Amino acid sequence: MKYFSTRDKSRKLFSLSDAAFMGLAPDGGLFLPERIPQVDMKRVEALAEQSYADMALYLAQQIFDDVDAELLERVVRDAYDFPIEMRCLNNKLHTLELFHGPTHAFKDFGARFMGRMTGVLNDGGELVILTATSGDTGSAVAHGFYGVKGVRVVILYPDGKVSPLQEAQMTTLGGNIHPLKVRGNFDDCQRMVKSMFRDEALRTEVRITSANSINLLRWLPQSFYYFYGYCMWKRMTGRDNPEVVVPSGNYGNLTAGMFARRMGLPIRGFVAASNANDVVPEFLQTQLYRPRASVQTVANAMDVGDPSNFERMMQLCGEDVSALRFEVRGFSCSDEEIKQAIAEIYNKYGYLSDPHSAVGYLATKQMDVDGFWLSTAHAAKFGEVVEPSAGVAPELPVSLAEAVMKERNFVNIDAQEEQLSAFLREM
Ligand SMILES: *Cc1c(COP(=O)(O)O)cnc(C)c1O
C-alpha cells in the first residue's frame with residue numbers, strides 16, 4: 001500500500017514509512033491510502049466475537065499489506081491489550097466506550113498503534129517525536145511511545161493550563177518521555193514546535209517528527225473500532241445499518257469512520273456532534289466553510305475552529321458536498337446543554353458521562369438516531385465539570401489515581417524557540 005496527499009492532483013505516491021515520518025505531506029496536504037481495501041464482513045463479525053485484537057489484526061492486514069506479518073501481529077496485540085465496551089442504557093441508547101485504555105481517552109487507540117508501528121518502521125537511528133499539547137494528546141502520545149526503542153518523546157505543555165490529572169499522566173512516566181513545561185499558553189507551545197520543523201539546520205542534527213492526529217499511523221487504526229461497535233450493536237439490538245454519532249473537534253475520529261464505511265462497513269452514516277465550535281455542522285447546513293478561532297468550552301478537547309481533517313473529509317466524498325450531506329448530519333450544542341445532559345444521563349440511567357461523550361448522547365437523543373454514540377473519555381478525567389453537573393464525583397480509575405500520587409518530572413522552559421532547539425540538541 002502506498003499513500004498520496006489530499007492536495008496532489010497527480011497523486012504522487014509515498015511509502016508507509018515516508019508518509020508516517022513526514023506526518024504532513026510536503027505540499028501541506030494530508031496523506032490517504034492509494035486504494036481502499038474491501039473487507040469480508042462475515043469474517044469481521046466472527047473475529048469481533050473472539051477479541052478486539054483479532055478483529056483489528058485482520059483489518060490492519062488489509063491496509064498495511066507490505067508490513068511483515070509477524071511484526072504487524074506483535075504491534076496490534078501489544079497495542080490493544082485493554083477492554084472496549086458497548087453500553088446499553090435502554091433499547092434506543094447505546095454507547096461504545098473507548099476510554100478503557102491507559103490514558104482513559106479514545107486517543108489511546110491511535111497513539112498506541114502509532115507508537116509501536118513507529119518502532120517497527122524506524123530503521124535504526126534516534127527519532128524524536130515532538131508534540132505540543134493542551135492536555136489529552138500529550139498523555140496519549142507519552143503512553144503510546146513509552147518504552148519504544150530508538151524513539152524519544154518531547155512534549156510541550158503550557159504551565160498552569162492543563163489539569164493536574166493530565167499533567168500527572170505526562171510527567172510521571174520518565175524513561176524516553178521528556179515533558180517540557182512552557183511558561184506560556186498552548187499557542188506558544190504550538191508555535192515553538194512548528195518553528196523546529198522549519199529549522200533546516202536543526203533537522204540535519206536531530207531527526208524529528210510529529211504525532212498529531214493528521215499522522216496516518218494515528219488516523220487509520222481509528223477506523224477499526226467502528227467495525228467492533230457495529231458488530232456489538234447489531235448483536236445487542238438485532239438491528240442493522242446504524243448511524244454513528246461522533247463527538248468531534250479536529251475530525252480525525254469521524255473521518256476514520258468514513259474510511260471504515262468505504263472499506264465495506266454497513267453503517268448508514270454519521271452525526272458530526274460538536275460543541276459551540278460548529279464550523280463543520282455550519283458547513284453541512286450552509287455549504288460555506290468558515291474556519292475561525294476556537295472558543296473555549298467544557299468539552300475542551302473538541303475546541304477546534306479549523307479542523308485539520310476537513311481536507312480528508314472532502315477528499316473521501318469526492319469533493320461533493322451533497323454526497324457529504326447525505327452521509328453526515330451536523331449537530332452542535334452549548335456548554336449549558338452539555339452540563340444538563342450530564343445531569344440527565346446520571347439521573348435517568350445512573351450513568352456518569354464526561355462532557356465530550358455527553359455531546360454524543362445529546363445528539364443521539366435530539367436527532368432521533370438509530371445507532372450508537374462514541375464515548376471518547378472517562379468521566380473522571382473531567383471531574384471538575386462532571387461533579388457539579390451530576391452531583392457526584394466519578395471514581396478515579398486505579399491507573400489515574402496512581403499517576404496522581406507519583407513524583408512529577410519535567411523541565412521548565414520559556415516560550416522561546418532558542419530554548420527548545422537547545423534542549424533538543426543537548427538531549
Ligand atoms: C481529541 C478528542 C475529541 C475530538 O476528536 P477529533 O478526532 O479531534 O475529532 C473528542 N473527545 C475527546 C475526549 C478527545 O480527547
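**Exercise 1. How do the residues of the shell around the ligand divide into nonpolar, polar and charged?**

Solution. This is a predicted model, in which local features need pLDDT of at least 70, side-chain atom pairs count only at pLDDT 80 or more, and totals for chains, interfaces and linings use all residues. Residues are numbered from 1 along each chain as its sequence is written, and side-chain values use heavy atoms, with hydrogens and water left out.

Begin with the shell, where a residue is near the ligand if one of its heavy atoms lies within 4 Å of it: 15 residues surround the ligand, and the closest are K107, G249, N250, Y251 and T376. Then sort them by class, taking Ala, Val, Leu, Ile, Met, Phe, Trp, Tyr, Cys and Pro as nonpolar, Asp, Glu, Lys and Arg as charged, and the others, Gly among them, as polar. The shell comprises 6 nonpolar, 7 polar and 2 charged residues.

**Exercise 2. Describe the polar contacts of the ligand with N250, Y251 and T376.**

Solution. A polar contact here is a pair of N or O atoms within 3.5 Å. On the backbone side, a polar atom of N250 is 2.8 Å from an oxygen atom of the ligand, and a polar backbone atom of Y251 is 2.9 Å from a ligand oxygen. From T376 it is a polar side-chain atom that lies 2.9 Å from a nitrogen atom of the ligand. The protein buries 96% of the 390 Å² that the ligand exposes when taken alone, areas being computed by the Shrake-Rupley method with a 1.4 Å probe.

**Exercise 3. Work out which strands stand at the edges of the open sheet.**

Solution. Strands are DSSP runs of E with at least two residues, numbered from the N terminus, and two of them pair if DSSP finds at least two bridges between them. The 5 strands follow the order β8-β5-β6-β7-β13, with parallel pairing. β8 (208-209) and β13 (411-414) are therefore the edge strands, since each has a single partner strand and one side without a neighbour in the sheet. Further in, β6 (residues 151-158) and β7 (residues 177-183) pair in the parallel sense over 6 bridges, with I155 opposite P179 in β7.

How values were computed:
A polar contact is a pair of N or O atoms within 3.5 Å; within protein, one must be able to donate a hydrogen and the other to accept it, and residues adjacent in sequence count only if both atoms are side-chain atoms. Helices (H or I, at least four residues) and strands (E, at least two) are DSSP runs, numbered from the N terminus.
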